[in-house]
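These are my notebook entries on one structure, kept in the order in which I looked things up. I begin with the sheets and go on to the helices, the cores and one loop residue.

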Amino acid sequence: MHELAITTSLLTIALDQARAAGAGRIVSIRLKVGELTGYVPEAVETNFRALSAGTAAEGAALLIERAPLRCTCRACGREYPARPDDFTCPDCRGSAITITGGREMFIESMEVESPVTPQGKGPS
Ligand SMILES: [Zn+2]
């Protein structure tokens with residue numbers, strides 16, 4: 001159940017941001033969860049429901065977006081979507097690669113009830 005720890009810190013960040021923005025209730029939180037993190041969106045959601053009870057984030061919609069695994073080949077520089085079971089470069093078959101996507105887990109945006117939206121991002 002490693003989702004519990006990550007969900008706890010996500011909620012803390014969300015509440016801190018809402019407080020810093022002078023916001024009231026958190027309406028929705030858009031999360032980016034990389035494929036490689038191994039986090040199960042349903043588990044994150046379940047933990048979120050339990051942890052947010054009684055906070056400004058209670059009842060907030062949790063929008064979880066999966067971030068696909070992406071790699072950049074160090075030999076030829078190609079960036080490509082990879083599968084967790086095959087990281088090799090599709091062009092040169094090189095295996096010296098840098099993972100550029102899929103390990104992230106962060107709050108992409110948040111919607112709160114007045115007075116301001118964080119990060120200057122409006123509702124999408
Ligand atoms: Zn390559």
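Entry 1, the mixed sheet. I note at the outset that I am working from a predicted model. I looked up the strand order and found an open sheet of three strands, arranged E2-E1-E6, with mixed pairing. Strand E2 (61–67) and strand E6 (105–112) are at the edges with a single partner strand each, so one side of each has no neighbour in the sheet. From one strand to the next the twist averages 20 degrees.

Entry 2, the pairings of E1. I then took the two pairings separately, since the sheet is mixed. Strand E1, residues 26–34, pairs with E2 in the parallel sense over seven bridges, whereas E1 and E6 pair in the antiparallel sense, over seven bridges. In the pairing with E2, I find Gly34 opposite Ala67. Arg30 can be followed in both directions: its bridge partner in E2 is Leu63, and its bridge partner in E6 is Ser109. I also checked burial along the strand: seven of the nine residues of E1 are buried, so E1 is largely enclosed by the rest of the structure.

Entry 3, the helices on this sheet. Which strands does helix H1 touch? I find that H1, residues 3–20, packs on the sheet with contacts to E1 and E6, and that its direction makes about 40 degrees with that of E6. Helix H2, residues 41–52, also packs on the sheet; H2 touches E1, E2 and E6, and its direction makes about 155 degrees with that of E2.

Entry 4, H1 itself. I compared the span of H1 with expectation: its 18 residues reach 25 Å from the first C-alpha to the last, close to the 26 Å expected at 1.5 Å a residue. I listed the buried residues of H1 as Glu3, Ile6, Thr7, Leu10, Leu11, Ala14, Leu15 and Ala18. Viewed down the helix axis, these buried residues fall within an arc of 165 degrees, so they line one face of H1. As background to the spacing in that list, an α-helix has 3.6 residues a turn, so residues three or four places apart point the same way. On the other side of H1 I find Ala5, Arg19 and Ala20 exposed. The cover over the buried residues of H1 includes E1, H2 and E6. Just after the helix, Gly22 takes a positive phi of about 70 degrees.

Entry 5, the nonpolar cores. Which residues have the most contacts inside the largest nonpolar core? The core has 21 residues, and I noted Ile26, Ile29, Leu31, Phe48, Met105, Ile107 and Met110 as those with the most contacts inside it. H1, E1, H2 and E6 each supply at least two residues of this core, and H1 gives the most, with six residues. I looked at the surroundings of Ile107 in particular: leaving out residues up to four places away in sequence, Ile107 touches Leu10, Ile13, Ala14, Ile29, Arg30 and Leu31. Another core, of seven residues, lies apart from the largest one and has Leu69, Cys71, Ala82 and Ile97 among its members.

Entry 6, the antiparallel sheet. I also looked up an open sheet of three strands in the order E4-E3-E5, with antiparallel pairing. Its edge strands are strand E4 (79–81) and strand E5 (97–101), each of which pairs on one side only, and the twist averages 35 degrees from one strand to the next. Strand E3, residues 70–73, pairs with E5 in the antiparallel sense over four bridges, and within this pairing Cys71 stands opposite Ile99.

Entry 7, a loop residue. Is Thr37, in the loop between E1 and H2, buried or exposed? Its relative accessibility is 17%, and because buried means under 20%, Thr37 counts as buried. I then asked what it touches, not counting residues up to four places away in sequence, and found His2, Gly102, Arg103, Glu104 and Met105. Finally I compared Thr37 with Gly22: they are 15 residues apart in sequence and 32 Å apart in space, C-alpha to C-alpha.

Methods
Residues are numbered from 1 along each chain as its sequence is written. This is a predicted model: local features need pLDDT of at least 70, side-chain atom pairs count only at pLDDT 80 or more; totals for chains, interfaces and linings use all residues. Side-chain values use heavy atoms; hydrogens and water are left out. Two strands pair if DSSP finds at least two bridges between them. Axes are lines fitted to C-alpha atoms, for helices over the stretch in contact, and angles run from 0 to 180 degrees between N-to-C directions. Contact means heavy atoms within 4.5 Å. The expected span of a helix is 1.5 Å times one less than its number of residues. Buried means under 20% relative accessible area, exposed over 50%, partly exposed in between (1.4 Å probe, protein chains only). The arc is that of the directions from the helix axis to the C-beta atoms. A nonpolar core is a set of buried Ala, Val, Leu, Ile, Met, Phe, Trp, Tyr and Cys residues joined through side-chain atoms within 4.5 Å.
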